[in-house]
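Please keep the sequence and the 3D view open side by side while you read, and find each part in both before going on to the next paragraph.

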Amino acid sequence: MAANAKSASASILEQQRVMRETLPFADDQDFIDAGRGLIARLDPPAVTTADGRVVWDNSTYDFLADEAPDTVNPSLWRQSRLAAIDGLFEVVPGIYQVRGLDLSNTTFVEGDEGVIVVDTLLSEETGRATLDLYREHRGDRPVKAVIYTHSHVDHFGGVKGFVSQEEVDTGRVKIFAPEGFLEHAVSENVYAGTAMSRRAGYMYGAALDRCPAGQVGAGLGQTVSTGTVTLIAPTDIVTTTGQDATVDGVRMVFQMAPDTEAPSEMLIYFPGFKALCAAEDATHTFHNLLTLRGAVVRDPHGWAKYLSETVALFGNEVEVAFASHHWPTWGNERVVGFLSTQRDLYAYVHDQTLRMINRGLTGPEIAEQITLPPALENAWSARGYYGSLSHNVKAIYQRYLGWFDGNPASLWEHTPVEQSKRYVDFMGGADAVVAKAREYFDAGDFRWVAQVVNHVVFAQPDHAAARELLADTYEQLGYGSENGTWRNWYLSGTTELRHGQFGTPTDTSASDVVAQLTPEMLFDAMAVQVDGPKAWDEDLTIEIVLTDVDERCRLRLANGVLTHGPHLRSATPDATVTTTRSGLPRLLMGTVSSEGLAEAGIAVEGDVSVLERLVVVLDPGDPNFAIVTPDRPETPTEGTLQ
């Protein structure tokens, strides 16, 4: 058991019982598919760095072999058992897949002499272990090409475990990616990277014990590896549906699917194998339209249209579909049925949400009222293990109408802390609220207890009884969650209330990612770090000369804003900095002191102090910011009418 974990309450026990009796647990087709074609497992299924640090250990989920305990939703337990099945599998002769060595999968497509690698996991170490496992059983085939199906880090971060930068630079290995890949891969991990990484720790339960009272999986996979994130820029960009390429005798036909599960994404059909790689657009779960860690809201309408196009393009002959997560589906009829179910899921939720929006309902109201048709409700692949019906509906509302629900009372609310102080005062004080909340806890109304006791914690963070009750409440909500990321989020909240903040255990920032920033993207990344009030009185201009790419650009900091571009040409620079594109991030992110400029190959003419004046106003963010308590930077408690 996790430290200080409590037992499941009577109401949660009843919920688990109803779930067992409602869903088709006798259907074992997914287990047959998930185990089909097993060639070998990595034994033990663990991966370490050169210095022995463990970055992945799938054996920590061995407890999933038991029957579902009272502390885990039985549907989520089933999904976690499936996702934890690891090893090298034959999809069809010539196509092999390694699953269970990271959150995502790697697929190997064999050609005349070598192999094409589809997606490379998140870490270099898990990527290398995956390649080693494949070669141990299929021979030492050279990698001829790598395909990034989309721009999320768990699909490119392990690339240097498969190939080197030198192999790509010399043309021995091609890297295919969809249009916009590099921009989105880099920007998602840089602009809001600190906040997203902190929240990802909650989403994947990075600080939780792996046990029946703790982390049991994330729905899409078990969790993320914690190794070295790498990135090699693509050599071949796919821009058009129907575009094809042949590598090592293997023909590939691409289907573009932008703004679906990722802003840059594509599916791949292999005609010679009658095999479809569905990327992350058709998996064995209802995916996220807005991931809890944070992202731009995705387009379910376009998602459904692209899946319709997939069926139209390849449905007549496809015999197997595999994806970047989970297990394959075999047989033409089953594949088309699977793709159609996924399409109908995204289309139904999109259309019905908009129908109810136009009746005047808000996001939370729609989330409570919407129900899926029986065919979707009872399809295991449509269950909300990673995305959820509730938060996906709210995401659609946000996509179309934004944060404002239309009620004037919502237009200019107090901050959470100031609201909480007033609520607690109205309700008779903290002790009275906690006492009343215990009655609702005993009755199993955990959603309400979470809301009201959260006010006590935000009004009086040191109120021990409130913190304890709120931790217990989140724990019960976690036990009952069918969604893996909801469970992790609730139990992470419990952990921080009981034991303190755990920071960002799984930081996916990487020098390879930063190195791919264009100068413009780097300047934009710096601009969002400028502490505006601290920089109000600064006025400086820096000219940047990049000798290796023959580029010149200017930066100006004034009025608390960092701008860049050709409109600054008329300004007289306070300093001119000559460096290379690779040296620019080190210079502007403050990792080189003024004394170390020459050693780093950076020349400065003019006022050297302007570099320090710029760096000193940058605020990189706090990777340990508070989530379940109000320990945030102070903000004014009263505002002025806008």
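What follows is a walk through aromatic rings, helix packing and a few single residues.

The model shown here is predicted. A good place to begin is with the aromatic rings, since a pair of aromatic rings is described by the distance of the centres and the angle of the planes. The structure holds 20 aromatic pairs. In one of them, the ring centres of Y202 and F502 lie 5.5 Å apart and the planes stand at 35°, so this pair is tilted. Because Y202 belongs to helix α7 (residues 193-203), while F502 lies in the loop between α17 (484-499) and α18 (511-515), the pair ties together parts that are 300 residues apart in sequence. Y202 counts as buried because its relative accessibility is 0%, and the cut-off for a buried residue is under 20%.

A second pair is made by W403 and F404, whose ring centres are 5.4 Å apart and whose planes are at 50°, so that this pair, too, is tilted. W403 has a relative accessible area of 65% and is therefore exposed, whereas F404, with a relative accessible area of 27%, is partly exposed. Elsewhere, rings gather in a group, for Y96, F108, Y134 and F162 form one aromatic cluster.

Rings can also have a charged side chain placed over them. The charged end of R198 sits over the ring of F502, at 5.4 Å from the centre of that ring, and R36 lies over the face of W330, with 4.1 Å to the ring centre.

Both R198 and Y202 bring us back to helix α7, as they are among the residues of α7 that meet α17. How are these two helices set against each other, parallel or perpendicular? Their axes come within 7 Å and cross at roughly 100°, which makes α7 roughly perpendicular to α17. From α7, the residues R198, R199, G201, Y202 and M203 take part in this meeting, and on the side of α17 they find T485, N488, W489, S492, G493 and E496.

Helix α16 (residues 464-480) offers a contrasting case of packing, and one partner to look at is helix α14 (residues 430-442), which packs against α16 at an angle of about 20° with the axes 11 Å apart. Since angles under 35 degrees count as roughly parallel, α14 is roughly parallel to α16. The crossing of α14 past α16 is left-handed. On α14, the residues in this meeting are V434, A437, R438 and F441, and on α16 they are A465, A466, L469, D472, T473 and Q476. Their numbering is easier to read with one general point in mind: an α-helix has 3.6 residues a turn, so residues three or four places apart point the same way.

Another partner of α16 is helix α15 (residues 446-459), and here the axes come within 9 Å and cross at roughly 150°. This makes α15 roughly antiparallel to α16, and α15 also passes α16 in a left-handed crossing. The residues of α15 that make the contact include F446, V449, V453 and V457, and those of α16 include L469, L470, T473 and L477.

Next comes helix α3 (residues 74-83), which is mostly covered, with nine of its ten residues buried. The buried residues in α3 are P74, S75, L76, W77, R78, Q79, S80, L82 and A83. What covers them includes α1 (10-22), α2 (29-35) and also α17, the helix that α7 was seen to meet.

Some single residues complete the tour. S390 lies in helix α12 and, because its relative accessibility is 17%, it counts as buried; leaving out residues up to four places away in sequence, S390 touches A367 and W486. G406 lies in the loop between α12 (389-401) and α13 (416-426), and at 47% relative accessibility G406 counts as partly exposed. G406 and T362 are 44 residues apart in sequence, while their C-alpha atoms are 8.5 Å apart in space.

V47 is found in strand β2 (residues 46-48). Is V47 buried or exposed? Its relative accessibility of 5% means that V47 counts as buried. Apart from neighbours within four places in sequence, V47 is in contact with L42, R53, V54, V55, W56, E125, T126 and A129. V47 and T629, by contrast, are 582 residues apart in sequence and 35 Å apart in space, from C-alpha to C-alpha.

How values were computed: Residues are numbered from 1 along each chain as its sequence is written. This is a predicted model: local features need pLDDT of at least 70, side-chain atom pairs count only at pLDDT 80 or more; totals for chains, interfaces and linings use all residues. Side-chain values use heavy atoms; hydrogens and water are left out. Rings of Phe, Tyr and Trp (its six-membered ring) pair if their centres lie within 6.5 Å; planes under 30 degrees apart count as stacked, over 60 as edge-to-face and the rest as tilted. Helices (H or I, at least four residues) and strands (E, at least two) are DSSP runs, numbered from the N terminus. Buried means under 20% relative accessible area, exposed over 50%, partly exposed in between (1.4 Å probe, protein chains only). A charge sits over a ring if NZ of Lys or CZ of Arg is within 6 Å of the ring centre and within 35 degrees of the ring normal. Axes are lines fitted to C-alpha atoms, for helices over the stretch in contact, and angles run from 0 to 180 degrees between N-to-C directions. Angles under 35 degrees count as roughly parallel, over 145 as roughly antiparallel, 65 to 115 as roughly perpendicular and the rest as oblique. A crossing is left-handed if the near helix is turned anticlockwise from the far one by less than a right angle, and right-handed if clockwise. Contact means heavy atoms within 4.5 Å.
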